[in-house]
Amino acid sequence: VASVYGTDSKSVSSTYVTEGVVYEVVPKDGEDHASFIDQLLEELDFREKGGYARDLIDVVVLDEVTNEPRVCQALLYRGTHENPAFWKRAMMDLKFAAARIAVSHGPSGWNSEYLFHLEEFMKSLASNCPDIAQSDIAHIGDTETRKIAEMTRNFMQYTVEFMYGCGSNKHNQLMIGQTSFLLEGSHKDEVRNLVEFPILLSQSCERQPSKIKSLYAGGGHSGLLLENGDLFLWG
């Protein structure tokens, strides 16, 4: 978990800092130190088995005795583009990522719940940093987390469906907007490869969520008909 702030987001010479939480894990009394480390790393490696680089980094913490900053080393699991779960579009297309998060869940629960807890943590971190308050660095917090959390809350008010399409997008009938630069061989007016895009369906309060019955693709418009008779058009 990290939050980045700097003197000027547009300046190359800006000072940037990554902040978060450092955990100190110590063995129990009488426990073999080497065995403890091996077991701990084995468990962490299993947890991060999706594909992370393991780095040893320097971090600045406040000394518990002197309350002065000091440098210590910490183990960092860093996600890279080599991670098999890395998805360039989800990283750079926040609206698409928010739509996915709004409907996705796994063994540990809903993705949205994890995101909202992360957002709350980042907010508390941004407002409880006395060392930042005393410095001349403007703290902007993690703006991307706030943006994607806000979009996810909005998407959760709708029924979200995902579709695939390609071809003309001159009138945004594929609804990829400004994310076409992520699609190889495509641009905003024409999508040459099959692309996934979300559809947000606002349903009447008097009706139960309905399944999709038919999908229509015209020269400049697209249409979606639900089994309950609701018709959606865009383009």
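What follows is a short chat about charges and strands in a predicted model. Residues are numbered from 1 along each chain as its sequence is written. Because the model is predicted, local features need pLDDT of at least 70 and side-chain atom pairs count only at pLDDT 80 or more, while totals for chains, interfaces and linings use all residues, and side-chain values use heavy atoms, with hydrogens and water left out.

Trainee: How many salt bridges does a search of the whole structure find?

Mentor: We count a side-chain nitrogen of Lys or Arg within 4 Å of a carboxyl oxygen of Asp or Glu. Arg54 and Asp45 make one such pair, at 3.0 Å from N to O. Arg70 and Asp63 pair up too, at 3.2 Å. Over the whole structure, the search comes to 6.

Trainee: Is Arg54 buried, partly exposed or exposed?

Mentor: Buried means under 20% relative accessible area, exposed means over 50%, and partly exposed is in between (1.4 Å probe, protein chains only). Its salt-bridge partner Asp45 has 34% and is partly exposed. Arg54 has a relative accessible area of 42%, so Arg54 is partly exposed.

Trainee: Arg78 and Asp55 meet in a salt bridge; how many residues apart are they?

Mentor: Their side chains come to 2.5 Å, N to O. The pair links distant parts of the chain, with Arg78 in strand S4 (residues 69–79) and Asp55 in strand S3 (residues 52–62). Strands here are DSSP runs of E, at least two residues, and helices are runs of H or I, at least four, numbered from the N terminus. The separation of Arg78 and Asp55 is 23 residues.

Trainee: Which strand pairs with S10 over 4 bridges?

Mentor: Two strands pair if DSSP finds at least two bridges between them. S9 (residues 212–217) is joined to S10 by 5 bridges, antiparallel, and Ser214 has Leu225 as its partner there. On the 4-bridge pairing, also antiparallel, Gly223 stands opposite Leu233, and the strand is S11.

Trainee: Why is S10 called largely enclosed by the rest of the structure?

Mentor: S10 covers residues 222–226. It comes down to burial: S10 is largely enclosed because the buried share of its 5 residues is 4.

Trainee: Which residue takes a positive phi in the hairpin of S10 and S11?

Mentor: That hairpin has 4 residues between the strands. The phi in question is near 100 degrees, and the residue is Gly229.
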